[in-house]
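User: I'm new to reading protein models and would like to go through one step by step. Could you show me what to look for?

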Amino acid sequence: MGKEKEREKKSSSLESGSYNYKMFSFFNRKFKINEVEPPSDVNKAFSLFTDEGSTHMTAEQLRRFMSVHQCEVSTRLEDAQNIIEQVVNRRHHITKFARHTLNVEDFFYFLLSDDLNGPIRTQVHHDMSAPLSHYFIYTGHNSYLTGNQLSSDCSEVPIIKALQNGVRVIELDLWPSKDEILVLHGRTLTTPVSFIQCLTSIKEYAFVSSPYPVIITLEDHLTPELQAKAADMITQTFETMLYYPESDLTEFPSPESLKYRIMISTKPPKEYLEVRSKDASEDESSPKDDSDASESDQEDEDFKSLQAGVSGYKRLITIHAGKPKGSLKTALKEVTDQVRRLSLSEHQLEKLAGSHGLDIRNILRVYPKGTRFTSSNYKPTIGWMHGAQMVAFNMQGYGKSLWLMHGMFRANGGCGYVIKPDILTRSADELFDPKATLLPVQKTLKVKIYMGDGWRLDFKHTHFDAYSPPDFYTKIFIVGVPADEAKKKTKIIEDDWCPVWDEEFSFPLTVPELALLRIEVREYDISEKDDFGGQTCLPVPELRTGFRSVPLHDKKGVKHKNVRLLM
C-alpha cells in the first residue's frame, strides 16, 4: 500500500457530534459520539437522597449521601458545601459562588472526579509509632540505573524520580576511582555518576512526597581511605538531617520519631580495623633502630588518622547489614544485642520459605535475582506475604510486577510505609502460612464496573482503530496469597469511546490485608494483540465503599489526565 493511501486510511475528522473515519478513500464511516449519561444506579441514588420530585441536591443532602451511601461518616456540612462549590465552579465556570446545590449532571460529574471522589484514602492513617521492622517499606534496587543492568547510564535522575514517587529506600553501589567515589553497577559497562551528586539529589528531594525517613543502603566496595572520605561527604551533605545513634541500636526506632531524617545502612568495615590493629600490636613487640622508629611513628600516625576516619564511617551506619551466619531461618528471627538488616535474592527467599511461614525479627531485604539483566522484576507478593519489609525493585522495570508495587504503596497516603498486618507479627508458635489452602473467608469484595470515559480526550481517535471507535473491555484481578488470587473480565463494548459495562463481580478473600485489586482496560483487536487502554492497582484494605472514580495509568504508571472508570 502506498504512503498516500496509508495516510488516507488513517486520516479521520471529528465532526459535530460524530467521528468520521475514512477507509481507502472510498468509504466514510460516521460514528455518533454518545453522550456520557449517569448510570441508573446513580440516578436512583440521586432520587433517594433528594426530596421527592426535586431536581437539585442540597449540601445537607449531599452530606447525608456521603455518610450513608459512601460510608464517609465523618463528612461535615462544610465538606459537602466545598464539594458543591468546586463542582459548580468547574462545570459552569461561575467565578462567584451563586448556586448552592447540584443537579443530577453535577452529581454525576462529582462522582466521576477522582480528586473529589477517589477510590482509596489519601491521608496517612496507619499507626506510625511502631518499630521500622513492623512496616513494608517502599524500596528501590540499584536506584541510580536509567535502564538495563549491564550497559545503561547511571544518573541521579532515577533517584530523584523515585523519591518524588514516594520511594523510601535508595540503593547506591560505591566503587573507587583513584581518589574519587563513583556510583555504578560494578563489573559492567554502566557509565558512572558521582557519589556526591547522588547525595546532593537525595538531600534536595528526600521529603518532597513524604516526611517519613529515607534509608540509603550502600553496597560498599571502597578502600578504607575512601570510606573515610565517604563519611565526610555524608555528614557534610546531610548535616542535621542525618540520623545515627550514639551506640548500636537494640531496637528499631519508629517512622514517626524519624520524620525528615536520613539513615545509612551497610555492612560495617570492622574486619579491616581488626587486622590492622593486630598487625600494629605485633610491630610494637619488635626491636627498631632510629630510622625505622621514625618511619614507624609516621605509619602509626597515618593509621590512627585512617582508623579515625573509618571509625567515623562506621559510626554513621544506623542499620547494620550483613550476610547471615549459619541457618537463614535462625538469622531472620535471631535476637542479638543489636538490630540489623539481612538480604536475600528472590530465589533464595522462595527456596527458604518453601511451604511454611517465616519468623522475621530483623529487617529482611529481598532483591531481584542476578539474571534479570533487563531490569525486570519479580512478583512482590512473594516477599510481602512472608513478612519481608524491603522488597527491592527496579523502578525503571516497567510491567505488571511494578504495577503491583505502585498499588501496595498507594496505601497509607502514599507515604512509603505500610504497616504489616497482625498476622505477620505473631509469635513464633503462631506463624502465618501464606500458602495454606484451607483458610476461612474473612471478607467478600464486591466490585461493580459501571463505565469508562476520557480516552477520547487523551488519545487521537485513530489510536486504537483506524476504521472505527474502540472496543473496550476490562479485566480485574485479585493479587495476594495464593488462595485469594482470581481474575474476571467484562464483556466487550463495541465501537464506543464511553463504554458502559454495568457488571458486578465478587471475590471471597481469606487474607484481605494482603490483597491488591488490579484493573486493566484492553481494546479488542480481532487480528492482532489487544491494545492497552490503561491500568491501576489498588490496595484492598484502603478501598472506599460506594460509587468511586478510578483513574487509570499508562504502562509506566503515569496517570492519564482524563481516563477513568466509574466503579
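User: Let's start at the surface. How much area does the chain expose, and what share of it do carbon and sulfur atoms supply?

Analyst: In this predicted model, the chain exposes about 27,400 Å². Carbon and sulfur atoms supply 49% of that area. On the inside, buried residues make up 51% of the 567 residues.

User: How far should I trust the model? What does the chain average in pLDDT?

Analyst: Think of pLDDT as the predictor's confidence in each residue. The chain averages 89, and 88% of the residues score at least 70. Go carefully with residues 1-16, where pLDDT stays under 50. For that stretch the model has 26 contacts beyond four places in sequence.

User: How many helices and strands are there?

Analyst: The chain has 16 helices and 22 strands. To see how the chain folds back on itself, look at contacts with a separation of 6 or more: 69% of them join residues 24 or more positions apart.

User: Now the inside. Which residues of the largest nonpolar core touch the most other members?

Analyst: The general idea first: in soluble globular proteins, nonpolar side chains tend to be buried together. Here the largest nonpolar core has 76 residues, and Leu172, Phe195, Ile202 and Ile216 touch the most other members. Helix 9, residues 224-238, gives the largest share of this core, with six residues.

User: Why does this core lie between domain 2 and domain 3?

Analyst: Because both domains give residues to it. Domain 2 covers 132-269 + 308-424, and domain 3 covers 443-566. There is also another core apart from this one, with 31 residues, including Ile120, Trp501, Val540 and Val563.

User: Let me zoom in on one residue. What is Leu172 in contact with, leaving aside its neighbours within four places in sequence?

Analyst: Leu172 is in contact with Tyr144, Ile159, Val183, Phe195, Cys198, Ile202, Ile216, Thr217, Leu218 and Glu219. Phe195, Ile202 and Ile216 are on that list, and they are also among the residues that touch the most other members of the core.

User: Back to helix 9. How do I check its length, and what span should its 15 residues have?

Analyst: Use a rise of 1.5 Å a residue: the 15 residues of helix 9 should span 21 Å. The end C-alpha atoms are 21 Å apart, so the two values agree. As for burial, the buried residues of helix 9 include Leu226, Ala230, Met233, Ile234 and Phe238. Just after the helix, Glu239 takes a positive phi of about 50°.

User: What about helix 7? Which of its residues are buried, and what do they pack against?

Analyst: In helix 7, residues 157-164, the buried ones are Pro158, Ile159, Ile160, Ala162 and Leu163. They pack against strand 5 (169-177), helix 8 (195-205) and strand 8 (214-220). Gly166 follows helix 7 with a positive phi, near 100°.

User: Which residue other than glycine has a positive phi in the loop between helix 9 and strand 9?

Analyst: That's Tyr260, with phi near 60°, in the loop that leads to strand 9 (262-266). Tyr260 counts as partly exposed because its relative accessibility is 49%, and exposed means over 50%. Asp502 is another residue to look at, with phi near 55°, and Asp502 lies in strand 18. At 40% relative accessibility, Asp502 counts as partly exposed.

User: Is Thr510 buried or exposed?

Analyst: Thr510 has a relative accessible area of 11%, so Thr510 is buried; the cut-off is under 20%. Thr510 sits in the loop between strand 18 (500-509) and strand 19 (516-523). Among its contacts beyond four places in sequence are Leu439, Pro440, Val481 and Asp484.

User: One last thing: what separation do the C-alpha atoms of Glu350 and Ile382 have?

Analyst: They are separated by 7.4 Å, though the two residues are 32 residues apart along the chain. Glu350 lies in helix 13, residues 346-353, and is partly exposed at 41%. You can try the same reading on Ala331 and Asp359: 28 residues apart along the chain, with C-alpha atoms separated by 9.6 Å. Ala331 is in helix 12, residues 328-333, and counts as buried at 1% relative accessibility.

Terms used
Residues are numbered from 1 along each chain as its sequence is written. This is a predicted model: local features need pLDDT of at least 70, side-chain atom pairs count only at pLDDT 80 or more; totals for chains, interfaces and linings use all residues. Side-chain values use heavy atoms; hydrogens and water are left out. A nonpolar core is a set of buried Ala, Val, Leu, Ile, Met, Phe, Trp, Tyr and Cys residues joined through side-chain atoms within 4.5 Å. Buried means under 20% relative accessible area, exposed over 50%, partly exposed in between (1.4 Å probe, protein chains only). Helices (H or I, at least four residues) and strands (E, at least two) are DSSP runs, numbered from the N terminus. Domain bounds come from an automatic or database domain assignment. Contact means heavy atoms within 4.5 Å. pLDDT is the predictor's confidence in each residue, from 0 to 100. The expected span of a helix is 1.5 Å times one less than its number of residues. Accessible areas come from the Shrake-Rupley method with a 1.4 Å probe; for residues, only the protein chains shown count as cover.
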